[in-house]
Amino acid sequence: MIRREFLARTLSVAVASLFAREVFAQHSMHGMQGMSGMNDMDDMPGMSPSHGAGHGADTHAAHAAPGLAPDTALPAGAPLAALRKLANESSEAGVFRATLVAQPVRRQLMPGHSTSLWLYGDAAQGPIVGPLIDVREGDTVVIRFVNRLPQPSTIHWHGLPVPPDQDGNPMQPVAPGESRVYRFTLPLGSAGTYWYHPHPHMMSSEQVFRGLAGPIIVRAAGDPLAAFPERHLFFSDLKLASDASIAPNDMMDWMNGREGQFVLVNGARRPRIDVAQDERWRLWNGCNARYLGVSLGGKQTFAQIGTDGGLLDKPRDGLTELLLAPGERAEIIVRAGAQPSTAILTAAAYDRRKMTMTEGKSLPGDPAKPLADVHFMPGATASQAARVMPSTLRPIAPLLPDNDSADKAPQKSVVFTEAMDMTAMHRPGAMMSALPPGMQFLINGASFDPKRIALTSRRGEVEVWSIENRTDMDHPFHLHGTQFQVMSRQQQGSSRTAEPYLAWRDTVNVQPGETVRIATVQHDAGERMFHCHILEHEDLGMMATLKVV
Ligand code: C2O
Ligand code: CU
Ligand code: CU
């Protein structure tokens with residue numbers, strides 16, 4: 001495609017000076033040795049004109065990437081750690097009150113080295129994931145956020161129907177050293193699997209890749225699967241330099257979204273999971289950009305029972321793979337089986353059409369990556385006598401029940417595009433700015449401006465949004481403040497495919513050339529964000545504001 005080639009060509013011209021900016025940043029921030037920084041630059045695949053087409057693929061092979069720790073540098077094989085849980089400081093019924101402090105924490109992840117992370121809580125021990133907020137429908141949640149980071153931050157309650165002024169929008173930053181209280185009440189019907197993470201303008205990528213993100217579970221009183229034992233798998237991404245420091249984003253990270261050499265499950269590389277009985281798993285894709293086609297090695301099946309916004313109306317059984325785009329969550333039932341066996345929990349191969357620095361070429365798709373080793377040991381503990389998966393889980397009414405109501409509903413259009421601005425890239429001083437200038441990921445032709453309202457909706461009015469991806473790579477669309485229903489998907493030149501099942505979501509992947517139609521409704525007046533959930537793209541401006549009146 002013409003757009004892709006233009007982008008690739010301009011990048012290869014500008015990339016050397018942009019990468020020099022990263023080396024400069026490493027000097028000033030981490031006091032790195034000048035020589036090692038220069039070597040990193042010389043060795044960077046695809047960064048030098050002497051490398052031909054195809055070498056861009058080397059950036060994939062983390063075990064060989066110069067400057068980075070080998071992808072075996074973190075210990076593997078420990079039993080899956082339980083998540084830390086955020087303690088409720090309130091004794092009042094129906095009130096969950098707690099404090100979340102975002103702060104730098106040093107931990108030894110690589111044997112013999114210490115890594116400086118940014119975490120919620122002091123987390124001297126336990127998983128390097130924010131603590132689990134485990135609450136119930138109807139609860140009032142009051143969380144004091146204390147920002148001990150060197151940057152402004154916010155906490156965004158991804159997927160939860162909280163009032164707009166409590167949702168950690170980038171327009172309401174909490175300055176370093178400051179604090180604020182977030183307060184919201186969880187309505188009936190909001191049970192589901194959510195998460196929280198920072199959302200400051202242009203700094204979300206860094207704050208999340210340094211460790212700031214954590215899970216939320218909202219529980220319903222009448223949960224039909226309450227008898228199943230639960231397991232929580234929070235996936236996050238980590239990119240470590242060879243000195244065990246968290247590597248800054250390079251050009252490829254900004255362009256394609258950052259993927260480190262490690263995918264962590266509850267903060268650890270490739271843990272071991274022993275399954276003695278059928279279990280309910282909650283899965284969070286908390287990675288900046290990595291797509292996780294979750295499978296149990298390919299052949300073994302499981303049932304999906306929930307999406308971002310809670311249970312499906314009925315289970316989708318017999319699945320062998322479930323794609324979770326960045327930001328997405330799911331609930332599945334994993335069966336212990338009748339015989340002892342093993343499986344590798346895997347992120348299946350997926351091609352999200354990453355770009356290269358070389359003209360007109362895409363990187364090869366991501367190869368499969370092991371996430372955890374699962375040992376099925378049925379009967380090793382208590383029997384599961386009456387634990388049968390119900391054939392219906394909960395009723396879900398379609399927001400727009402037929403074509404007629406969909407045609408009459410207000411229509412909105414969201415178009416993703418990408419563009420390059422050579423002038424901005426070479427403007428004097430541009431290289432010293434916080435983000436690589438000139439690399440543009442746009443929504444409806446514009447980059448994020450906190451003062452601009454892109455769309456306006458009326459509260460309580462169900463709308464149809466068409467989200468069209470006119471770029472050459474996948475982008476996960478995310479809308480704040482509500483759960484929506486995917487109605488159909490359509491690839492350029494082919495006919496519309498109705499979504500085969502009803503589900504509540506707040507994030508949906510949109511492939512290149514695809515248009516995804518959703519039914520959505522907002523319930524509170526105020527400003528809501530919508531954006532690509534590849535956090536580098538969000539930071540680069542692939543975000544916009546919806547005003548609800
Ligand atoms: Cu999870 Cu606006 O983000
Ligand atoms: Cu969100
Ligand atoms: Cu994107």
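Biologist: How do I read a nonpolar core, and which residues of the largest one touch the most other members?

Modeller: A nonpolar core is a set of buried Ala, Val, Leu, Ile, Met, Phe, Trp, Tyr and Cys residues joined through side-chain atoms within 4.5 Å. Buried means under 20% relative accessible area, exposed over 50%, and partly exposed in between (1.4 Å probe, protein chains only). In soluble globular proteins, nonpolar side chains tend to be buried together. Here the largest core has 35 residues, and those touching the most other members are V414, W465, I467, F477, I518 and F530. Its largest share, 4 residues, comes from α4; helices (H or I, at least four residues) and strands (E, at least two) are DSSP runs numbered from the N terminus.

The model is predicted: local features need pLDDT of at least 70 and side-chain atom pairs count only at pLDDT 80 or more, while totals for chains, interfaces and linings use all residues. Residues are numbered from 1 along each chain as its sequence is written, chains are lettered from A and ligands numbered from 1 in the order in which they are written, and side-chain values use heavy atoms, with hydrogens and water left out.

Biologist: Where does this core lie with respect to domain 1 and domain 2?

Modeller: Domain bounds come from an automatic or database domain assignment. Domain 1 (230-244 + 254-376) and domain 2 (403-548) both contribute residues, so the core lies between them. Apart from it lies another core, of 28 residues, including W281, L296, L322 and A347.

Biologist: What is V414 in contact with, beyond its neighbours within four places in sequence?

Modeller: Contact means heavy atoms within 4.5 Å. For V414 the partners are I443, N444, L455, W465, S466, I467, E468, F477 and F530.

Biologist: How are aromatic pairs counted, and how many are there?

Modeller: Rings of Phe, Tyr and Trp (its six-membered ring) pair if their centres lie within 6.5 Å; planes under 30 degrees apart count as stacked, over 60 as edge-to-face and the rest as tilted. The count is 12 pairs. One of them is F234 with W284, tilted, at 6.0 Å centre to centre with 35° between the planes. F234 belongs to strand β9 and W284 to strand β13 (residues 279-285), 50 residues apart. F234 is buried at 1% relative accessibility, and W284 at 0%. For F477 and F530 the ring centres are 6.3 Å apart and the planes stand at 45°, so that pair is tilted. F477 is in strand β25 and F530 in strand β30 (residues 526-532), so the pair ties together parts 53 residues apart in sequence. Y120, F145, W157, Y182, F184 and Y196 form one aromatic cluster.

Biologist: Which charged end sits over the ring of W118, and which over the ring of F209?

Modeller: A charge sits over a ring if NZ of Lys or CZ of Arg is within 6 Å of the ring centre and within 35 degrees of the ring normal. R210 places its charged end over W118, 5.1 Å from the ring centre. R258 does so over F209, at 3.5 Å.

Biologist: On to the metals. What are the protein donors of the copper ion (ligand 3)?

Modeller: Donors are N, O and S atoms within 2.8 Å of the metal (3.2 Å for Na, K and Ca); water is not among the atoms, so sites may look incomplete. For ligand 3 the donors are H475 (ND1), C532 (SG) and H537 (ND1), lying 2.0 to 2.1 Å from the copper ion. Their spacing along the chain is H-x56-C-x4-H. H475 lies in strand β25 (residues 475-479) and H537 in helix α7 (residues 535-539), so the pair ties together parts that are 62 residues apart in sequence. H475 is buried at 0% relative accessible area, and H537 is buried at 0%.

Biologist: Which residues coordinate the copper ion (ligand 2)?

Modeller: H156 (NE2) and H478 (NE2) coordinate ligand 2, at 1.9 Å. H156 is in strand β5 (residues 156-158) and H478 in strand β25, 322 residues apart. H156 counts as buried, at 0% relative accessibility, and H478 is buried at 0%.

Biologist: How should I read backbone phi, and what is the phi of A244 and of N266?

Modeller: Most residues other than glycine have a negative phi. A244 is not a glycine, yet its phi is positive, about 75°. A244 lies in the loop between β9 (230-238) and α4 (251-256) and is buried at 0%. N266 also has a positive phi, about 50°, and sits in the loop between β10 (262-265) and β11 (268-269).
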